[in-house]
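This report describes a two-chain model, chain by chain and then by selected contacts. Please read it alongside the sequence and structure shown here.

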Amino acid sequence: MKSSSFGSPERKTILYSLVFIVFGLLAFRLFQMQIIEKESYEIKSESNSIKPIEQIPLRGVFYDRNGEILVNNIPAYTLRITPEFYDRKLNNTIEKVFDLTPGFISDILQLNKIYPKAQPIRIKRGIDFNQIAWLEENHDRLKGVDYVVEMQRGYPSGVMGAHMFGYTKEISPQLLEKQKDYYQMGDYIGYTGLERTYEKDLRGEKGFNYVLVDAKRNEVGKFKDGTQDKVSIKGKDLELSIDAEVQKVAEQELKGKRGAVVAMDPKTGEILALASAPDYDLNQFSYVTSRAYMNQLYKDPEKPQFNRATMSVKPPGSTFKILAAIAALDMGVITPSTIISCGGSWFFGRSFKCHTAHGPLNVVHAIEHSCNVFFYQLIYRIGLDKWAEYCKRFGFSQKTGIDLREEVAGFIPNTKYYEKMYGKDWPRSIMASLGIGQGEVSVTPLQLAYYTSLIANNGRTFTPHIVKGYRDDFTKKLVPYKFKEVDVNIPKKVFDVVKEGMFLVVNGGGTATSIRMNEVKIAGKTGTAQNPHGKDHAFFIGFAPYDDPKIAFAIVVENAGFGATWAAPIAKKMVQAYLLKGQKNVNTDAAPEKGDREDAGHQQARNTKNKKAGNSFNDKNVFAVLEENKLKYARRL
Amino acid sequence: MRVDYKLNDKLDFWLFIPTLILLCFGLAGIYSSTLNNHFAHGNFQKQLFFGGVSIVLFFVIYSLPTNTFKYAAIPTYIFSMLLLMAVLVVGKKTSGARAWLVLGPLGGFQPAEFAKLGTVLAMASYLTKTSVDIESFKDIVITLAIGLFPVGLILLQPDMGTSFVFFGFILVLIFWKGISLFGLYLVLSPGFVAVASLFGIYYFIAAVVIVAAALIYFKKNIFISGSIIAANLGAGFFADSVFTFLSPHQQKRIESFINPSADPLGAGYNAIQAKVAIGSGGFLGKGFLAGNQTQLQYIPEQWTDFIYCVIGEEFGFLGSLIILICFIIIFMRIIKIASSTRDEFLSLVLLGIFTIYFVHLFINIGMTVGIMPVIGIPLPFVSYGGSSLVINMLMLGIVANVHRTRKNYT
């Protein structure tokens with residue numbers, strides 16, 4: 001057996017077969033990998049060695065209507081931690097050095113657990129130079145801790161604009177899930193206000209530089225010499241219709257109060273100022289917002305993050321009387337000469353009070369003196385549903401469509417609503433108070449400003465908007481956005497009548513004569529909405545100049561009292577800031593020309609004043625005179 | 001013409017030319033993979049130097065009287081065993097294994113490389129003693145002992161890859177010697193059960209069942225059957241303890257072979273990157289020095305065990321296939337020479353040499369294309385490494401020598 005089987009042909013065949021089987025196997029495997037599955041390996045190989053490096057473009061800045069920068073970008077240093085290399089024992093030290101609350105880092109790391117460990121996580125933005133020095137000194141000890149330069153939002157103009165501008169924030173995992181096509185973990189995205197509405201314009205388009213990396217992810221060169229790189233596109237610089245000066249006045253005047261101010265250009269629908277108080281400091285959101293500050297904001301009973309200008313709803317009080325007047329005149333249920341007599345109260349199922357017995361009044365004087373009895377009756381002549389329809393035409397009970405997402409529609413009742421609430425035989429007396437803007441009406445300050453704009457511009461305006469357009473990067477010229485034109489289709493003569501009433505409110509014997517000015521004629525209407533929970537809310541709407549309205553406004557001060565006392569003075573200051581801008585110096589020269597449009601009496605009065613104050617226009621003197629005047633008039637609603 | 005014929009008759013070009021091609025591919029791969037690596041600069045020159053040295057050595061061995069190998073067999077074996085023991089004491093430790101003897105400026109030397117040849121010579125020498133009967137239990141045990149003694153020493157380094165090579169040629173040598181099917185079964189079944197046990201308890205049980213079923217086929221008596229089953233069970237448990245005895249990086253590699261994507265950045269990393277390199281090469285490859293996996297150092301120390309990836313990536317399917325064809329020609333040649341020689345000793349030595357190359361090739365290329373676990377073992381003639389190249393050329397010299405003098409023995 002021994003000699004016959006040594007190296008027998010059978011055994012040789014077995015060895016040959018073994019060799020061919022193994023070669024067949026290896027060759028087949030090579031064929032499979034290199035020919036059949038080639039592409040999938042190619043993709044893996046490319047993604048292996050090509051790393052896209054994101055180029056985040058500069059976010060667009062905000063200009064005001066006069067070219068002043070409201071929001072810009074400023075470089076800041078951001079502290080980051082890369083979990084893969086980071087030792088959690090460092091938490092305490094880092095929290096101490098960077099003024100973070102204990103537990104802050106572990107919380108953030110916990111939140112970011114869903115992301116790859118090699119991805120750096122931002123811990124704090126805007127760290128200072130001492131902290132950077134500390135990082136550099138302890139570099140070896142701080143594995144996985146570094147800092148980068150990033151852009152953060154800056155607010156150089158002194159305008160707060162918290163609710164209007166809004167803030168950007170690191171994108172949340174939930175939001176990221178929905179918008180994976182563009183954003184990545186750690187990207188900033190507009191969360192509120194204009195930053196949110198115009199996110200797509202502001203962010204620009206990310207660029208990518210493709211670099212070759214070795215197995216240790218070290219960059220070793222450009223991929224295809226950078227020919228495949230995508231250049232980032234800078235965000236669009238937005239031009240806002242806001243007037244920084246008017247906005248500052250509005251914010252200043254609301255300090256320490258609760259309320260909202262909206263000012264518009266009635267001809268264009270452009271928002272000149274939009275403020276809500278109390279507000280908050282946007283600078284706090286430029287950094288990784290401290291938890292303490294966030295808690296403070298959330299816990300504050302005044303709700304500083306709530307945009308009262310667009311989201312708070314209240315019955316508008318007597319400012320709503322204009323609407324009833326317009327409806328009645330337009331429908332022809334009254335004429336300008338229709339007289340209704342006020343005996344101090346009116347009985348319809350029950351007694352409805354007026355402030356005083358006004359006697360016989362036409363519609364102009366009814367507005368001037370804010371007579372309740374006149375408007376109690378008017379609403380019955382108009383009819384509830386017709387009135388509700390006019391409300392709708394003036395933008396109530398619906399969102400105005402302003403370029404802020406934070407907006408509510410408010411509410412206007414109609415027959416259907418009352419039937420639903422109180423049954424078919426709902427007491428008709430409920431309607432009466434609607435005529436004077438009380439009861440189940442609720443409107444936002446923005447809606448009031450829009451409505452006032454429509455009145456001021458005889459029923460025509462545009463959808464309210466804060467952003468006019470963007471500035472072309474090369475020509476530096478404005479590329480305007482399109483906004484919808486609105487026309488309520490009511491003849492000018494109707495508006496002339498109510499505007500005369502509003503003129504007299506300030507310049508006649510009305511409720512807001514305290515803010516009368518010789519330089520600019522303001523027309524307006526005060527309002528005081530009853531508040532079952534405390535002091536009344538003060539309202540003032542109006543526009544100026546009377547004969548060529550350039551600014552329309554609505555002011556609400558919550559729990560303040562009379563509209564004339566609390567809301568109207570803010571209007572005056574805004575009008576001064578907007579229309580008398582820069583006149584401190586040019587006043588004397590400009591006075592004669594300006595005087596042409598004014599009556600002789602006012603001209604004279606102004607001249608006297610100018611003499612008193614010398615060459616410069618002095619606010620204080622004007623106020624002193626107005627204070628005196630104020631006392632002369634009985635305050636009325 | 002006559003001179004050519006004579007030369008061709010003596011020096012086997014079918015053996016020599018494919019080897020030169022492999023050497024050139026190896027040099028190209030080493031040049032390419034070390035081009036961007038600062039630590040491996042000079043490896044190409046070193047390999048070129050050792051290539052020259054080994055070709056000279058090849059011709060020296062080629063020219064020796066063929067009897068030399070017979071006389072040298074036992075001394076070579078003893079010397080290589082001493083080296084293996086020495087390396088365990090004074091060897092240099094690299095990546096967890098004590099496998100290198102430092103030899104001054106020439107760098108290191110791996111005694112295990114030398115021990116392969118020594119063991120083949122010794123086993124061939126013993127098996128061709130006239131008194132030896134491969135069917136006798138005693139002779140099988142002695143043969144296995146000669147072969148497994150160095151395996152034990154090598155596992156102590158530990159170097160698993162090389163021990164596989166030993167298993168390979170031990171098996172082929174007793175097979176070529178003419179062991180019966182039952183004898184082969186006796187030798188093989190414990191190893192089969194041992195490997196199966198590494199995959200888990202169910203594989204282990206299945207393997208034992210297969211072994212038992214085969215026993216029924218051989219119709220041996222109950223005593224022999226019982227002891228065989230016992231030996232197999234023992235082998236299974238022994239393998240488990242050997243597994244725990246392995247160094248952690250080797251355990252990980254075995255585990256990652258069973259499931260390579262479980263830890264893509266860890267032990268499975270090389271396996272995945274190697275496949276990506278080869279697969280992305282396509283038919284013609286990305287071109288010399290143009291493979292991004294290679295040039296960007298995605299595979300650590302690619303010039304040694306993963307050299308085949310460089311060729312696969314930069315020279316594509318065509319280049320990879322040329323390598324395989326070169327090997328197949330060499331293998332066919334060795335088997336042909338081995339079977340044509342009448343001298344059993346030389347025949348066995350050649351078969352041993354064939355098996356050494358063959359196991360190296362199968363494990364090395366197998367791991368780079370993902371059909372074998374990642375076991376560190378070089379590709380003969382291609383991978384970077386002086387001692388491996390020198391020994392491989394030396395062994396090839398023996399084959400060529402036998403071819404040269406084949407007529408004296410036929």
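Contact means heavy atoms within 4.5 Å. The model is predicted.

## Chain A overall

Chain A has 637 residues, of which 54% are buried. Its secondary structure comes to 26 helices and 23 strands.

About 29,000 Å² of chain A is exposed, and carbon and sulfur atoms supply 53% of that area. Among contacts in chain A with a sequence separation of 6 or more, 71% are between residues 24 or more positions apart.

## Two positions in chain A

A:I108 lies in helix 5 of chain A, which spans residues 104–111. Is A:I108 buried or exposed? Its relative accessibility is 12%, so A:I108 counts as buried, the cut-off for buried being under 20%. Apart from neighbours within four places in sequence, A:I108 is in contact with A:I121, A:R122 and A:I123. One of these, A:I121, is 13 residues from A:I108 along the chain, and the C-alpha atoms of the two are separated by 8.3 Å.

A:G534 sits in a loop of chain A, between strand 21 (523–529) and strand 22 (537–544). With a relative accessibility of 38%, A:G534 counts as partly exposed, because that class covers values between the 20% and 50% limits. A:G534 and A:G561 are 27 residues apart in sequence, and their C-alpha atoms are 9.7 Å apart.

## Chain B overall

Chain B contains 17 helices and three strands. Of its 410 residues, 57% count as buried.

The exposed area of chain B is about 17,100 Å², with 72% of it supplied by carbon and sulfur atoms. Of the contacts in chain B between residues at least 6 apart in sequence, 71% join residues at least 24 apart.

## Helix 4 of chain B and helix 6 of chain B

Helix 4 of chain B (residues 67–90) packs with helix 6 of chain B (residues 137–155) at an angle of about 20°, and the two axes are 9 Å apart. Helix 4 of chain B is therefore roughly parallel to helix 6 of chain B, a term that applies to angles under 35 degrees. The crossing of helix 4 of chain B with helix 6 of chain B is left-handed.

On the side of helix 4 of chain B, the contact is made by B:Y77, B:M81, B:L84, B:M85 and B:L88. Helix 6 of chain B contributes B:A145, B:I146, B:F149, B:P150, B:L153 and B:I154. Which residue classes are present in the contact of helix 4 of chain B with helix 6 of chain B? There are 11 nonpolar residues, with no polar and no charged ones.

## Helix 4 of chain B and helix 5 of chain B

Helix 4 of chain B also packs with helix 5 of chain B (residues 111–127), here at an angle of about 140° and with the axes 7 Å apart. That angle makes helix 4 of chain B oblique to helix 5 of chain B. This crossing, of helix 4 of chain B and helix 5 of chain B, is left-handed.

Helix 4 of chain B enters the contact through B:F69, B:A73, B:I74, B:T76, B:Y77, B:F79, B:S80, B:M81, B:L83, B:L84 and B:V87. From helix 5 of chain B come B:P111, B:A112, B:F114, B:A115, B:G118, B:T119, B:L121, B:A122 and B:S125. By class, the contact of helix 4 of chain B with helix 5 of chain B has 15 nonpolar, five polar and no charged residues.

## Helix 7 of chain B and helix 15 of chain B

The axes of helix 7 of chain B (residues 160–177) and helix 15 of chain B come within 8 Å and cross at roughly 145°. Helix 7 of chain B passes helix 15 of chain B in a right-handed crossing. Residues of helix 7 of chain B that make the contact include B:F164, B:V165, B:L173, B:W176 and B:K177. Those of helix 15 of chain B include B:E344, B:L348, B:L351, B:G352, B:T355 and B:I363. The contact of helix 7 of chain B with helix 15 of chain B has 11 nonpolar, five polar and two charged residues.

B:T355 belongs to helix 15 of chain B, which covers residues 344–368. B:T355 counts as buried because its relative accessibility is 2%. Which residues does B:T355 touch, not counting those up to four places away in sequence? They are B:G168, B:F169 and B:V172.

Technical notes
Residues numbered from 1 in each chain as written. Chains lettered and ligands numbered in written order. Predicted model: local features only at pLDDT ≥ 70, side-chain atom pairs only at ≥ 80, totals over all residues. Heavy atoms only, no water. Axes fitted to C-alpha atoms, helices over the stretch in contact; angles between N-to-C directions. Helix = DSSP H or I, 4+ residues; strand = E, 2+ residues; numbered from the N terminus. Parallel < 35°, antiparallel > 145°, perpendicular 65-115°, else oblique. Left-handed = near helix turned anticlockwise from the far one by under 90°. Nonpolar A, V, L, I, M, F, W, Y, C, P; charged D, E, K, R; others polar. Buried < 20%, exposed > 50% of the residue type's maximum accessible area, 1.4 Å probe, protein only. Areas by Shrake-Rupley, 256 points an atom, 1.4 Å probe, with all protein chains shown as cover.
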